[in-house]
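Q: Please take a close look at one part of this protein. Then show how that part sits in the whole.

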Amino acid sequence: MSPEVSPTAVSPEVLAEVPECVAWRRHLHENPELSFQEFDTTDYIIAALEDIGGMELRRYAKTGVVAILRGARPGRTILLRADIDALPIQEETGLPYASRNPGVMHACGHDGHTAMMLAAARILSRHAGELAGEVRFLFQHAEELPPGGAAELDRLGVMDGVDELYGLHLSSNYPTGRFGVRAGALTSATDRFEIDIVGKGGHSAYPETAHDAVVMAAQVVLALQTIVARRVSATEPAVVSVCQVEGGSAYNILPDEVHLVGSTRTFSEATRDRLPALMEGIVAGITAADDSTYRFRFIKGYASVINDAQLAAHTRELIERSFGKGATFDIEPLMPGEDYSALQGHCPGFFVELGARDEARGITCPHHNPHYLMDEEALPYGIQYWCDLVRDRLS
Ligand code: NI
C-alpha cells in the first residue's frame, strides 16, 4: 500500500475481502469481453451476487445488472456505478492471468471496478440492518463504445427514484490509494463530426473548369481552428480536431469530393451546443464561395461528467476521515470521455478518480495500451471507499 496513506485506514473487514476481490478481478481480466457483448462477464457477476445473497437482482438491456440492497429503515436511494467492459486491444503484459480472448483486453481497469463493487456489495449486505435507505450497485455494460451502455440503462429506468449517483475510475496517472477530487466538469464532452465537401472534379491542368474540393477542404481545415481561437472564450476549454482527410484518386485528377472526419472536446454544455452551427457556417461559407455544396453531420458522443460541488466537498471530507489528510488531491479536468454522464441529470452526483500507479514497481503504463497494468494494491482503498460512502449516505 502507498506509504502516503495510512494502511490502518483499511478495515480488517475490507482486508479480509481482498483475496476474493483479487480473484474476481483476475478472472475478469483473463476473460475480457467487448462492449455490448459482455455475456459471460454478466453471468459471472450475477453468480457472484447470487452467492452473496440478500439483494434483489435486476437484469437490464442484454448485459447490464443492478443489485438492490435495502436497509432496515427508510432513507435515501443511492446508485453506485461500475463499468464492466473491455477494449479491442491485444494484451502484451505477459501477466500470468493475461487475456485469453485474442484481441480483447481489460486495458482500462474496469475489471478492478467490477471486483471492488462486488466486494463492497458483500460487506454491505452483511450490514443491511444498519442502513437507512437503498443502495443500487450498477454493473454497467459498454462504457467504451458510443452510444454507450449508460444511456440505454437510463432509458430503461435504472435512475428512477435515485437521490444520489456515484462513480469511480482507477487511474494509472495517480499514486495508489490517493483520490482525485474535482467539483464541476470532470471529463470533456466528446463529439464527432463528418464533412463532405462537394465540388466538381476535373483535369489538374484546367482547374478553372473545376470547383476544387481539395482547396476548399484545406481552407475548411484551417478555418475550423479559428472557432477555438476566435469564437470561444480564451477561458473556456475547447478542441476541434480534423483527424481524417480523404479524397482523390490520381496525381493529375481533381476529385469531385473530399471527406473530413474529426472530433470536438468541450466542457460546458453551452459551448458544446454552439460548435455545430459555428462549424457548419464555415463549411457553408467556403463552399458557397466556390459555387459548391457540402454535407455536414455532428454526432453527439458522451456529455461532460459534472460533479456536484456539495457532494464533492462532503465526499472529500469523508475520504480524509477514512484515509487521512493526504489522501485527496485536486484533479485537473480530464479530456477522455466517460459515459457515466448519461446517468446524470436526475439527481446530484460525484465521480472520483482513484490512483492505481506504483512507480517503484513499474506500474505506470497509461490506460488503453497493450501494456496497461493496474495496481491491485488500490483495490482495498476502493472497497473501503464504497463501504464508507454507503454507510455515510444511508446512516
Ligand atoms: Ni475506463
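A: What follows takes helix α6 as the part, then moves out to the domains, the metal site and some unusual spots.

The model is predicted: local features need pLDDT of at least 70 and side-chain atom pairs pLDDT 80 or more, while totals for chains, interfaces and linings use all residues. Residues are numbered from 1 along each chain as its sequence is written, and side-chain values use heavy atoms, without hydrogens or water.

Start with the helix. Helix α6 covers residues 269-289. Helices here are DSSP runs of H or I with at least four residues, strands are runs of E with at least two, and both are numbered from the N terminus. The 21 residues of α6 should span 30 Å at 1.5 Å a residue, and its end C-alpha atoms lie 32 Å apart, which agrees. The expected span is 1.5 Å times one less than the number of residues.

Where does α6 kink? At L275, shortly before the proline P276, by about 30 degrees. That bend is the angle between axes fitted to the seven residues ending at a residue and the seven starting there.

Both L275 and P276 are buried. Buried means under 20% relative accessible area, exposed means over 50%, and partly exposed is in between (1.4 Å probe, protein chains only). Other buried residues of α6 include T271, R272, L278 and M279. Further along, I282, V283, I286 and T287 are buried too.

What covers these residues? The cover includes strands β8 (189-198), β10 (238-247), β12 (257-266) and β13 (293-302), along with helix α5 (213-231). Just after α6, D291 takes a positive phi of about 55 degrees.

Now the domains. Helix α6, residues 269-289, falls within domain 2, which runs over 193-302. Domain 1 is made of two stretches, 12-187 and 304-393. These bounds come from an automatic or database domain assignment. The two domain centres, taken over C-alpha atoms, are separated by 39 Å. Their contact takes 20 residues from domain 1 and five residues from domain 2. Contact means heavy atoms within 4.5 Å.

Between them the domains bury about 800 Å², with 66% of it on carbon and sulfur atoms. Buried area is the accessible area (1.4 Å probe) that two parts lose on being put together, summed over both. On the domain 1 side, P146, S304 and M335 lose the most area to domain 2, together 53% of what that side buries.

P146 has another feature: a cis peptide bond joins it to P147, with omega about 10 degrees. P147 sits in the loop between β4 (132-140) and α4 (149-155).

Next, the metal. The nickel ion has C108 (SG), H110 (NE2) and H169 (NE2) as protein donors, at 2.1 to 2.3 Å. Donors are N, O and S atoms within 2.8 Å of the metal (3.2 Å for Na, K and Ca); water is not among the atoms, so sites may look incomplete. The spacing of the donor residues in sequence is C-x1-H-x58-H. C108 lies in the loop between β3 (73-83) and α3 (110-125), and H169 lies in strand β5 (residues 164-175), so the pair ties together parts that are 61 residues apart in sequence. C108 and H169 are both buried.

A second helix invites the length check. The 15 residues of α8 (residues 379-393) should span 21 Å, and its end C-alpha atoms are 21 Å apart, which agrees. In α8, 14 of the 15 residues are buried, so the helix is largely enclosed by the rest of the structure.

Two loop residues deserve a look for their backbone. F36 has a positive phi near 70 degrees. F36 lies in the loop between α1 (12-30) and α2 (39-52), and is partly exposed at 28% relative accessible area. H368 has a positive phi of about 60 degrees. H368 lies in the loop between β16 (349-357) and α8, and is partly exposed at 41%. Most residues other than glycine have a negative phi, and most peptide bonds are trans.

Last, the whole. The protein has eight helices and 16 strands. Its C-alpha atoms fill a box of roughly 80 × 45 × 40 Å along the principal axes. Of its 395 residues, 55% count as buried.
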